[in-house]
Amino acid sequence: MSPRRSYDQYCSAARALDTVGDRWTLLIVRELLAGPRRYSDLHADLPGVSTDVLASRLKDMERDGLATRRRLPPPGAANVYELTGRGRELLPVLQALGRWGEAELGELRPTDAVRAHWFALPLLRVLEGEGLVEVRLEEGHFHLHVGAEDGPVYGDGPAPGEPDARLVLDTGTCAAISRGELSLEVALRDGRIEVTGEGTLAKALKARC
């Protein structure tokens with residue numbers, strides 16, 4: 001565990017950065033917003049982070065009350081990390097940061113890694129209501145818990161159970177929404193998003209087509 005560093009400033013923003021300002025910490029939070037994750041899963045979905053840095057950040061997050069570690073019962077029998085309530089309170093912080101960063105995203109670079117679930121938070125910013133939404137991209141599937149007040153806000157793979165809505169779109173459309181260049185309404189109206197399902201969310205989205 002690395003020693004806590006501080007800006008030593010009596011300012012709430014400075015205090016927040018004392019805790020989450022280290023490189024990788026907020027991206028680990030992004031991954032843990034999907035629910036409990038194993039160390040190996042976190043390492044696979046954070047390309048570029050070293051094992052030493054990831055282990056150190058996770059220990060720091062445990063110390064600072066942002067995350068906890070627990071052992072899954074058999075047959076899982078693996079250690080997983082998950083956010084505490086305090087850690088989950090960083091969701092609106094990440095959403096605000098993501099919205100601010102839309103102008104910096106630009107086009108996909110040859111060196112950029114991509115994971116399908118990295119589009120989860122941008123889509124959550126533009127979806128309204130409450131319900132389970134399954135999203136299908138070329139890179140893979142993920143699901144969103146729209147309007148969830150606790151627990152995971154998204155997850156890898158198909159939705160657990162019957163979703164309220166299924167969205168099928170290409171990565172280019174999803175990236176354009178993430179960059180703030182394309183609104184959800186225009187994407188729906190132009191047929192760039194296929195909506196299926198009989199839930200309230202699906203009906204609301206179809207009404208906007």
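Which residue in strand 8 is the bridge partner of Val-168? Keep that in mind, everyone, while I set the scene.

This is a predicted model, where local features need pLDDT of at least 70, side-chain atom pairs count only at pLDDT 80 or more, and totals for chains, interfaces and linings use all residues. Residues are numbered from 1 along each chain as its sequence is written, and side-chain values use heavy atoms, leaving out hydrogens and water.

Now, the sheet. Five strands (DSSP E runs of at least two residues, numbered from the N terminus) make an open sheet with mixed pairing, in the order 6-5-4-7-8. To count as paired, two strands need at least two DSSP bridges between them. At the edges sit strand 6 (154-156) and strand 8 (193-196), each pairing on one side only.

Back to my question. Strand 7, residues 165-169, runs antiparallel to strand 8, and four bridges join them. The partner of Val-168 is Glu-194, while Leu-169 has Ile-193 as its bridge partner.

Those two partners lie on opposite faces of strand 8: Ile-193 and Val-195 form the covered face, Glu-194 and Thr-196 the uncovered one.

Ile-193 turns up again in the largest nonpolar core, which has 52 residues; Ile-193 is among those with the most contacts inside it, along with Leu-33, Val-135, Phe-142 and Leu-144. Such a core is a set of buried Ala, Val, Leu, Ile, Met, Phe, Trp, Tyr and Cys residues joined through side-chain atoms within 4.5 Å, and buried means under 20% relative accessible area, with exposed over 50% and partly exposed in between, using a 1.4 Å probe and protein chains only.

Thanks, folks!
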